[in-house]
Amino acid sequence: MFRGDRRQLEKKMIDEGRLPPGQSLTQKFPVLHYGPTPSYDMGSWRLRAFGLVDAEKTWTWEQFLGLPTKTITVDIHCVTRWSMFNSTWEGVPFRDFVDLVGVKPEAQFVIAHCAYGYTTSLPLEAMLDDDVLLACRYDGKFLEPDHGYPLRTLVPQRYFWKSAKWLEGIEFVAEDRLGFWERAGYHNEADPWKEQRLDRRW
Ligand SMILES: Nc1nc2c(c(=O)[nH]1)N[C@H]1C(S)=C(S)[C@@H](COP(=O)(O)O)O[C@H]1N2
Ligand SMILES: [Mo]
């Protein structure tokens, strides 16, 4: 892409409703997180589903890789104002995961638990969208450690901090609990089309 053309292209993409307001396009995939990148011994790695579920369940890496996956190509939007078009991810559709787990009717929110206690949450209803994945591959390969290896959530319809890297647990709850960036003042809805970046009540 030519530098001079970039602004024009971005304006066109905003006008066409593809690029959310206030965003710029990036060609490379930036890395963003708080704290160090964890490294896992995959022999002892577990994904755990708990909270308002019929029975708590855990998956080993081997078991998780045996679950049916789907591949999608989506645009992602970071609150720091970069958007990346056409990123291709493979993972277990969250909807299918919910069916596997058996979630109680009182469950209204989903809390993603990650390495070092990072959490982020969303309404269960939002997590049931077609394009929400427990993603284990990006561009046909396992995730890079910096991008969340071995597993992250992918929620393309929200700012990217809602896509939790180094996922270790999924908790189903009746009442929401603010996550790491949300407690720091980020908006709990995080809809890029409404520019829900910071919570103005702070
Ligand atoms: N576990 C964990 N997940 C995280 C974060 C984090 O600090 N810890 N940061 C979030 C933020 S702010 C962004 S923008 C995206 C960045 O993902 P990337 O590094 O793959 O681009 O990860 C999100 N997921
Ligand atoms: Mo972010």
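Which side chain makes a polar contact with the side chain of Asp75? The answer is given in the legend to Figure 1. The structure is a predicted model, in which local features need pLDDT of at least 70, side-chain atom pairs count only at pLDDT 80 or more, and totals for chains, interfaces and linings use all residues. Residues are numbered from 1 along each chain as its sequence is written, chains are lettered from A and ligands numbered from 1 in the order in which they are written, and side-chain values use heavy atoms, with hydrogens and water left out.

**Figure 1. Contacts of Asp75 in strand β4 (residues 70–77).** The side chain of Asp75 makes a polar contact with the side chain of Arg18, at 2.7 Å. A polar contact is a pair of N or O atoms within 3.5 Å; within protein, one must be able to donate a hydrogen and the other to accept it, and residues adjacent in sequence count only if both atoms are side-chain atoms. A polar atom of the Asp75 side chain also lies 3.0 Å from the backbone nitrogen of Asn86. With a relative accessible area of 17%, Asp75 is buried (buried means under 20% relative accessible area, exposed over 50%, and partly exposed in between, with a 1.4 Å probe and protein chains only). Strands (E, at least two residues) and helices (H or I, at least four) are DSSP runs, numbered from the N terminus.

**Figure 2. Surroundings of ligand 1.** Of the 20 residues around ligand 1, those that come nearest are Pro30, Tyr34, His147, Arg152 and Lys165. A residue is near a molecule or strand if one of its heavy atoms lies within 4 Å of it. A polar side-chain atom of Lys165 lies 2.5 Å from an oxygen atom of ligand 1. For Arg152, a polar side-chain atom is 2.8 Å from an oxygen atom of the ligand. Leu32 takes part through its backbone, with an N or O atom 2.9 Å from an oxygen atom of ligand 1. The C-alpha atom of Lys165 is separated by 13 Å from that of Gly91, 74 residues apart along the chain. Gly91 belongs to strand β5 (residues 82–93) and is buried, at 0% relative accessibility.

**Figure 3. The largest pocket.** This pocket holds about 450 Å³ of space. It is lined by 25 residues, and the closest to its centre are Leu32, His33, Tyr34, Tyr118 and Trp181. On a 1 Å grid over the protein atoms alone, a pocket is an open set of points with protein on both sides within 12 Å along at least five of seven lines, a cavity is a set of points where a 1.4 Å probe fits but cannot get out, and lining residues have an atom within 4 Å of a point. Grid points are joined across faces, edges and corners, and a volume is the space filled by probe spheres set on the points. The pocket lining has 17 nonpolar, 6 polar and 2 charged residues. Ala, Val, Leu, Ile, Met, Phe, Trp, Tyr, Cys and Pro count as nonpolar, Asp, Glu, Lys and Arg as charged, and the others, Gly among them, as polar.

**Figure 4. The largest cavity.** A search of the whole structure finds 1 cavity of 30 Å³ or more. About 50 Å³ of space lies in the largest cavity. Its lining residues include Val110, Ile111, Ala112, Thr120, Ser121 and Leu122. Strands β6 (109–114) and β7 (119–123) each supply at least two residues of this lining. By class, the lining comprises 5 nonpolar, 3 polar and 1 charged.

**Figure 5. Helix α3 (residues 94–101).** The buried residues of α3 are Phe94, Phe97, Val98 and Val101. Seen down the helix axis, they fall within an arc of 100°, so they line one face of α3 (the arc is that of the directions from the helix axis to the C-beta atoms). Val98 has a relative accessibility of 12%. The C-alpha atoms of Val98 and Ala49 are separated by 9.3 Å. Just after α3, Gly102 takes a positive phi of about 80°.

**Figure 6. Backbone features in three loops.** Most residues other than glycine have a negative phi, and most peptide bonds are trans. The peptide bond from Tyr149 to Pro150 is cis, with omega near 5°. Pro150 is in the loop between β9 (141–142) and β10 (152–154). Asp139, in the loop between β8 (133–138) and β9, has a positive phi of about 55° and is partly exposed, at 46% relative accessibility. Trp166 lies in the loop between β10 and β11 (167–173). Its phi is also positive, near 55°, and Trp166 is buried, with a relative accessible area of 5%.
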